[in-house]
Amino acid sequence: MKKINRYIDSIFTKQDTILEEVILSIEENEMPAISVSPSSGKLLSMLISISGAKNVLEIGALGGYSGICLARGFTSEGRITSLELEEKYAKLAHTNLSKAGFGAQVSYITGEALHSLEKLLIEKQRFDFCFIDADKINYDNYLEYCIKLAELGALIVTDNVLVRGSVADDDVQPKPYTEIMKKFNEKVANHPQLESVLIPIGDGMTVSKVIK
Ligand code: SAM
């Protein structure tokens, strides 16, 4: 997977000073190097622009790499509500989105995403695009919340669904969340309210359309 990703990134993404600075800021702040891959980021931008999404929910902000990619896809106006556990990460993400020119279009809600999602549901907020990229143990819950918060026809995109290939290849050392993700993928594939496909770039992304 590593070689294929390096190949795809080298051909289909260009040098990007803004995103490189985000990666640098994450390193400088001693935060984990777990942003989406360059091609996965490009896919997010393209999915937003193709779908015309304007009201985006992001679960897992880190330093704002995926947030910038999502915002870049907006054709005219667009808003991102981003849920992040760590205050420090949300602050850095906001700084980075502001530097990229999207600071006014994003709001961060810090704390446990499950609590924030329940609040958004009570407030009757609705989204036309959801991006799930936080703690894997809660992916199942995040998916259910996203379906409830989604408008009909919305896209739900989920990252890390291949767990470095371990969900599909017994020769790859399983990770702590390999089994969780195998079950998650089966659920997504067979969910009666979703039409889904798995795209094997980065660490694998499922793209689901809410059909009911
Ligand atoms: N989407 C980001 C990007 O590509 O730029 C990367 C997100 S990183 C893989 C996962 C993020 O989820 C981390 O910033 C972590 O702090 C956050 N997170 C983990 N558990 C969480 C929880 N229970 N509630 C909210 N955020 C959580």
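This talk goes through the aromatic pair, the salt bridges and two single residues of one predicted model.

A word on the ground rules. The model is predicted, so local features need pLDDT of at least 70 and side-chain atom pairs count only at pLDDT 80 or more, while totals for chains, interfaces and linings use all residues. Residues are numbered from 1 along each chain as its sequence is written, and side-chain values use heavy atoms, with hydrogens and water left out.

I start with the aromatic rings. A pair of aromatic rings is described by the distance of the centres and the angle of the planes. Rings of Phe, Tyr and Trp (its six-membered ring) pair if their centres lie within 6.5 Å; planes under 30 degrees apart count as stacked, over 60 as edge-to-face and the rest as tilted. How many aromatic pairs does a search of the whole structure find? It finds one. The ring centres of Tyr-139 and Phe-184 are 5.3 Å apart and the planes stand at 65°, so this pair is edge-to-face. The two residues belong to distant parts of the chain, 45 residues apart: Tyr-139 is in helix H7 (residues 139-149) and Phe-184 in helix H8 (residues 178-190). Helices (H or I, at least four residues) and strands (E, at least two) are DSSP runs, numbered from the N terminus.

Are these two rings buried or exposed? Buried means under 20% relative accessible area, exposed over 50%, and partly exposed in between (1.4 Å probe, protein chains only). Tyr-139 has 0% relative accessibility, so it counts as buried. Phe-184 has 1%, so it is buried as well.

Next, the salt bridges. A salt bridge is a side-chain nitrogen of Lys or Arg within 4 Å of a carboxyl oxygen of Asp or Glu. The structure holds six of them. One joins Asp-140 to Lys-187, at 3.4 Å from N to O. Asp-140 is in helix H7 and Lys-187 in helix H8, 47 residues apart, and this pair too links distant parts of the chain. Asp-140, with a relative accessible area of 34%, is partly exposed, and so is Lys-187, with 25%. Asp-140 and Lys-187 also form a network of salt bridges together with Glu-144.

Another salt bridge lies within helix H8, between Lys-182 and Glu-179. Its N to O distance is 3.6 Å, and the two residues are three apart, about one turn of the helix. Lys-182 is partly exposed at 29%, as is Glu-179 at 48%.

Then there is Lys-136 with Asp-133, whose closest N and O atoms are 3.7 Å apart. Both of these residues are buried.

Now Asp-203, in the loop between strand E6 (194-199) and strand E7 (205-210). Which side chain of opposite charge is nearest to Asp-203? Lys and Arg count as positive and Asp and Glu as negative; His and the chain ends are not counted. The nearest is Arg-164, 5.2 Å away, and Asp-203 is buried yet has no salt bridge. Its side chain does make a polar contact of 3.0 Å with that of Asn-160. A polar contact is a pair of N or O atoms within 3.5 Å; within protein, one must be able to donate a hydrogen and the other to accept it, and residues adjacent in sequence count only if both atoms are side-chain atoms.

Last, Glu-112, in the loop between strand E3 (106-110) and helix H6 (113-122). Glu-112 is partly exposed at 38% relative accessibility.
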